There are 2 protein chains.
Amino acid sequence: VHAVHESAVIQLIASRVGTRTGVDVGIGDDAAVIACEPPLVAAHDMVVEDVHFRWGTSSPADVGHTALAVNLSDVAAMGARPVAALVGLAAGPDLGADRDPSAVVAALYGAMEELAAATGCTIAGGDTSSAAVTMVGVTVIGRMDPGVPPVLRSGGRPGDLVCVTGALGASWAGLALLRGDLPADGVPEAGALRAAHRRPRPRTTEGPALASLGVAAMMDCSDGLAIDLERLARASGVSAVLDLDSVPVAAGVAGVAAALGRDPAEAAATGGEDYELVVALPEALLPHCRAALGTPLTVVGRLDEGPPALRVVRGATPATLETLGWEHRV
Amino acid sequence: VHAVHESAVIQLIASRVGTRTGVDVGIGDDAAVIACEPPLVAAHDMVVEDVHFRWGTSSPADVGHTALAVNLSDVAAMGARPVAALVGLAAGPDLGADRDPSAVVAALYGAMEELAAATGCTIAGGDTSSAAVTMVGVTVIGRMDPGVPPVLRSGGRPGDLVCVTGALGASWAGLALLRGDLPADGVPEAGALRAAHRRPRPRTTEGPALASLGVAAMMDCSDGLAIDLERLARASGVSAVLDLDSVPVAAGVAGVAAALGRDPAEAAATGGEDYELVVALPEALLPHCRAALGTPLTVVGRLDEGPPALRVVRGATPATLETLGWEHRV
């Protein structure tokens, strides 16, 4: 395979599978929805050696943490609270080459358990195997609060504001520092930026809070705000505007971007792996949402009538992006 | 890692994780149990290239079918009916080398969808990635029938009969034929034996039927009847006797075993990958269970007072096995 866009593969798969009783939402959102009272959601994402991480820039604990975090983020983006995680660990030879295998496994699951404990989730099962490369596949099952329906990508309506939690670009800048693309001594925030890449914090309480307030659409921006907002717009059947001037850029990202000759807002809007939430909501809801969150909620655009597509601007001026974010290949 | 018994790794993991609200059964059974009315169960198993299968003896459709089947089997072994499957496909370069990648993906998911449709399950989501080897990790979420509690490995009591559904050894014999360990022309059942290995049929209706009748303990015998019965005995805190003379040997296995100089009952009891159910039940329940199933339920042993261990006999005579079944290494 290796040359096919993931989106094409997902379309191919979705075209071949049917939905039967017991499943309310299947392929195509951040998580599936299982009919239940209250509804359950379930997400499954993998992290694969040499695709999603390299041992040079990630420790076993980083890999364990991240494999769980990306799925907690998907569950949060539906508005659900995490309940259980199932973990499939395929252990490559590098896990045991010059290290004590038990210590590596303990570190990987230890970091995962720390994050699970902090978010109310239980590592409840899974599988282990040897393999030619290391791969961690995690399924997280979450539960909606009573009376709160899951928030889909497809709920956005013309006129909705597009908002993003927290700030963006820290993971991108952290990876650049970890790879040695620039010296760290000119970057006082280097430690925090590296940590943002190695140990992303999913928005596990913010997602349910926004869902309970009735936001229209939500997803996590794991591949980049621009590409993920385009996906939200397509799923909602509306057009979207993204204003680069409004994008909240994390502390320290401007310095890294300057050193690499990149525009900071562009890097923040397309870097990916920040695991912030992108939310579409009617303007009247904004103050309530802001009051409910312990983190900033920044308006970065708007949904409009029109063909499903993304328009990028800087204030009143049309702008272009070299790339919208990560487009995975399979 | 690669030199550590999977059971030791699972113990290491289980010792490091806590169970929080919402999870009734965590690591250690065929599936986790999520608190819900009725309860949900969730299982996650992977199939890994060059560990669980080789492209020489398995087609993409075989791999897709099997990856779903092994998880349907785990869910059935709790007594639950399958609802949703999440599929993580890591596609190795062999998937695209001399074949059309889209056709391979279509075949893999097509076989999975066929099995999902036949068992009332929905392929509801997942993830795809490239990787250095192919690996399919599947999570199946199942639901108990109303009023039926999940059947655990730990419910066996002294005096319970040990029974097994169907017949054993076909997958072992089929793999021997697929590998060319013997010529197929002397084996009239060769086609059925190969199919048993390439497309195992999980006991998706038998598991719920046995659970609703109140059997004491249940698990699937994926690694071999002997090793899996030993696990059931340990979990139940009782000893177990396995009578090789009683083991139901699938049609054609005796011929393959003879050609390879193996004892057919031994091969059937330790070959693994048949995905039959091992059940412990009070003797009075046996006729009801037999009447409810469309497949034979054979008494192969008994649980007794005594230290958790497996004793193998042939009728009244003590016997030994070279191996109890597959002990995976990580």
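**View 1. Contact between chain A and chain B in the predicted model.** In this predicted model, 72 residues of chain A are in contact with 72 residues of chain B. The size of an interface is often given as the accessible area lost when the parts come together. For chain A and chain B the buried area is about 5700 Å², and carbon and sulfur atoms give 68% of that area.

**View 2. Salt bridges and polar contacts across the interface of chain A and chain B.** The rule finds 2 salt bridges across this interface, and in a salt bridge between A:Glu113 and B:Arg20 the two side chains meet at 3.0 Å, N to O. Across the interface of chain A and chain B there are also 17 residue pairs in polar contact, with both residues at pLDDT 80 or more.

**View 3. The side of chain A that touches chain B.** Among the elements of chain A that give two or more residues to this side are the helices α1 (6-16) and α3 (101-119), together with strands including β3 (40-48), β4 (81-91), β5 (122-130) and β6 (135-143). The largest share comes from β5(A), with 9 residues. Sorted by class, the side of chain A that touches chain B has 43 nonpolar, 21 polar and 8 charged residues.

**View 4. How chain A and chain B are related.** Two copies of a chain are related by a rotation about an axis and a shift along it. Here a turn of 180° with a shift of 0.0 Å along the axis lays chain A on chain B with an RMSD of 0.0 Å, which is the relation of a two-fold axis. The same surface serves both copies, since 100% of the contact residues of chain A recur in chain B.

Technical notes
Residues numbered from 1 in each chain as written. Chains lettered and ligands numbered in written order. Predicted model: local features only at pLDDT ≥ 70, side-chain atom pairs only at ≥ 80, totals over all residues. Heavy atoms only, no water. Contact = heavy atoms within 4.5 Å. Buried area = accessible area lost by both parts, 1.4 Å probe. Salt bridge = Lys/Arg side-chain N within 4 Å of Asp/Glu carboxyl O. Polar contact = N/O pair within 3.5 Å; in protein donor to acceptor, adjacent residues only side chain to side chain. Helix = DSSP H or I, 4+ residues; strand = E, 2+ residues; numbered from the N terminus. Nonpolar A, V, L, I, M, F, W, Y, C, P; charged D, E, K, R; others polar. Least-squares fit on C-alpha atoms with pLDDT ≥ 70 in both.
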